[in-house]
Amino acid sequence: MKPIRLNSWVAFQQSWRGIAHQPLLLAFSLVALGTHLSGWALFAGGERVDSGVLAALLRLGGIALYGGSLIWMIEGFTLAGLAIAREQTIHWQELSPSECRHSGRLSLYLAYLAGALLAVALITGLIWSLVLLLLPGLSAAPALLGLIAALAVVISQLFGPCLVLDTRLRGTALFRQGVWLLEHHGPGLLLLCSGLVGLLLIPLLIGLVAEALVSGLGLLATLVALVGVLPLLTTTVTGAYVQLRPELQNNPGEVTASLKQSDR
C-alpha cells in the first residue's frame, strides 16, 4: 500500500464544513465547557467558606465534576469528529453523558499519559541534578531534552482518544501505536500540532483585543471564542486520524486485528 500523506489542511476544511452542517456540536461545546468550568468554580468556592466540612465537600464535588466533564468532553468531541469525518449525522442523544461508554478506558488512558509525562519529568529532574553537580555549564541541556521528550509523548498520543473509541487497544498498546505514528508521520504530525496551537491562540487574541476595547470583557470574549474553537480543533484531529486509518489497518500487529474487530 502506498504511504498516506497526512494533510492537515484537508482535515481542517472537513471539520469546518462538518460543524457548519451540524451546529449541534456548538451547543454541545457550550454545555460541556460550561459544566467543566462549573467544576473549577465549585472547587474554588471551597476556598471561600469557613466550614472545613463544607469546604472539603465543595472541593471533592468540584474535582469530580471537573474530571467527569473532561472525560465527557473528550469522548463527545471525538465521537462527533469521527462522525463528521465519515460524513455521518450526530444526534444530541449520542453526546449525552449517559452515552459515555468509553469513560473507563479513557480515564485509564489519561492516567497512563499522565504517568508517562510524570516519568519524563522525574527522569529529567534526576539527570538535571547530576549534570548540575558534574557539568554546571551544561545544566540547560537536560531541561531542553526533557521538554523535547515531553512534546514527543504528547504529539505521539494526539490520536489516543480516537484509538480508544475506534479500537479495542488498551494500555501500552495505545502508546506503541502512537509511537509508530510518530515514526512514520512525524513531519505531518508536527504540522498538524502547529495548526492546532494556532487555533488555540485565537480565543486568547480575541480576549486580549476585547479587554483592550472594554475593560472586563476579555474573559467573556475568550470563553465565547473557545466554544467555537474547541469543536473545530477536536474534529480536525479526528479528521486527520481518519485519513491515516487505512494505513493503520495495514499496520502489522495487534492494531490491525483491533481495527477490523471494531468494523464488524
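# A tour of two pockets and one helix residue

In this predicted model, select α3 first: with 4 residues, α3 gives the most to the lining of the second largest pocket. Helix α7 can be added to the selection, since α3 and α7 each supply at least two residues of that lining. The second largest pocket holds about 320 Å³ of space. It is lined by 14 residues, and L79, I90, E94, H102 and L165 are the closest to its centre. Colour the lining by class to see 6 charged, 5 nonpolar and 3 polar residues.

Next, go to the largest pocket, with a volume of about 870 Å³. Select I74, L158, P161, L233 and T234, which are the closest to its centre among the 27 residues that line it. To show the surrounding elements, select α3 (52-85), α5 (103-134), α6 (140-156), α7 (160-166), α8 (172-213) and α9, each of which gives two or more residues to this lining. Which element provides the largest share of the lining of the largest pocket? That is α9, with 6 residues. Coloured by class, the lining of the largest pocket shows 22 nonpolar and 5 polar residues, and no charged ones.

Stay on α9, which covers residues 218-249, and select T236 within this helix. Is T236 buried or exposed? Its relative accessible area is 4%, so T236 is buried, the cut-off for buried being under 20%. Finally, show what surrounds T236: apart from neighbours within four places in sequence, T236 is in contact with S8, A11, F12, S15, L192 and L196.

Notes. Residues are numbered from 1 along each chain as its sequence is written. This is a predicted model: local features need pLDDT of at least 70, side-chain atom pairs count only at pLDDT 80 or more; totals for chains, interfaces and linings use all residues. Side-chain values use heavy atoms; hydrogens and water are left out. Buried means under 20% relative accessible area, exposed over 50%, partly exposed in between (1.4 Å probe, protein chains only). Contact means heavy atoms within 4.5 Å. On a 1 Å grid over the protein atoms alone, a cavity is a set of points where a 1.4 Å probe fits but cannot get out, and a pocket is an open set with protein on both sides within 12 Å along at least five of seven lines; lining residues have an atom within 4 Å of a point. Grid points are joined across faces, edges and corners, and a volume is the space filled by probe spheres set on the points. Ala, Val, Leu, Ile, Met, Phe, Trp, Tyr, Cys and Pro count as nonpolar, Asp, Glu, Lys and Arg as charged, and the others, Gly among them, as polar.
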